[in-house]
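Q: Hey, got a minute to look at a model with me? I'd like to start with a pair of side chains and then zoom out.

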Amino acid sequence: PLLTLPILDLNNNSDACCSSDNFFLFPIQDSLMEVEEKYKKAMVSNAQLDNEKANLMYQVDTLREDLLGVEEQLAEMHRGHEEKSKELERQKHAYCILQHQFEDMKETLKEREEMLT
């Protein structure tokens, strides 16, 4: 069997609430009020934590998007660097060929000058 307790009206100043039959209910009502207050505080705290979590998740998403953008820029810069490095190697190779041709022509010119004298 369930025990049903009458709900007391704490604002009622009648003598009925102070009778010996209802006197044992006051500690239960005080406990109930304390539990309700704790529950309200917990609900407020949960709402604040949910808001903070949502804010942090938004910040994480924003930072992820920023990171993706930076990674794309970095990849593009690496590609540009590779192209420039390859072009530099081609230019170095062409310079070496021209340097050898110059030395060969210089030697040929020197030999011709010697033949003329």
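A: Happy to! Let's begin with glutamate 87 and arginine 90: both sit in helix H1, three residues apart, or about one turn of the helix. Keep in mind that this is a predicted model.

Q: Nice. How far apart are the closest N and O atoms of glutamate 87 and arginine 90?

A: They are 2.8 Å apart, and the two residues form a salt bridge.

Q: And is glutamate 87 buried or exposed?

A: In between: glutamate 87 counts as partly exposed because its relative accessibility is 32%, and the partly exposed class runs from 20% to 50%.

Q: OK, how many salt bridges does the count come to?

A: Two salt bridges. Besides the pair we just discussed, the side chains of lysine 92 and glutamate 89 meet in one, with 3.9 Å from N to O.

Q: What separates lysine 92 and glutamate 89 along helix H1?

A: About one helical turn, because they are three residues apart in helix H1. Lysine 92 is partly exposed, with a relative accessible area of 43%, and glutamate 89 is also classed as partly exposed, at 48%.

Q: Switching topic: which residues form the negative surface patch?

A: Glu103, Asp104, Glu107, Glu111, Glu113 and Glu114 make up that patch. One of them, glutamate 114, lies in helix H1, which covers residues 25-116.

Q: Zooming out, what does the secondary structure come to?

A: One helix and zero strands.

Q: How much of the protein is buried, then?

A: Buried residues account for 4% of the 117 residues.

Q: Last one: what does the accessible surface come to?

A: About 11,400 Å², and 60% of that belongs to carbon and sulfur atoms.

Note on methods
Residues are numbered from 1 along each chain as its sequence is written. This is a predicted model: local features need pLDDT of at least 70, side-chain atom pairs count only at pLDDT 80 or more; totals for chains, interfaces and linings use all residues. Side-chain values use heavy atoms; hydrogens and water are left out. Patches are made of residues with over 30% relative accessible area and no salt bridge: like charges are joined within 9 Å, nonpolar side chains (Val, Leu, Ile, Met, Phe, Trp, Tyr) within 5 Å. Accessible areas come from the Shrake-Rupley method with a 1.4 Å probe; for residues, only the protein chains shown count as cover. A salt bridge is a side-chain nitrogen of Lys or Arg within 4 Å of a carboxyl oxygen of Asp or Glu. Lys and Arg count as positive and Asp and Glu as negative; His and the chain ends are not counted. The place of a charge is taken as NZ of Lys, CZ of Arg, CG of Asp or CD of Glu. Helices (H or I, at least four residues) and strands (E, at least two) are DSSP runs, numbered from the N terminus. Buried means under 20% relative accessible area, exposed over 50%, partly exposed in between (1.4 Å probe, protein chains only).
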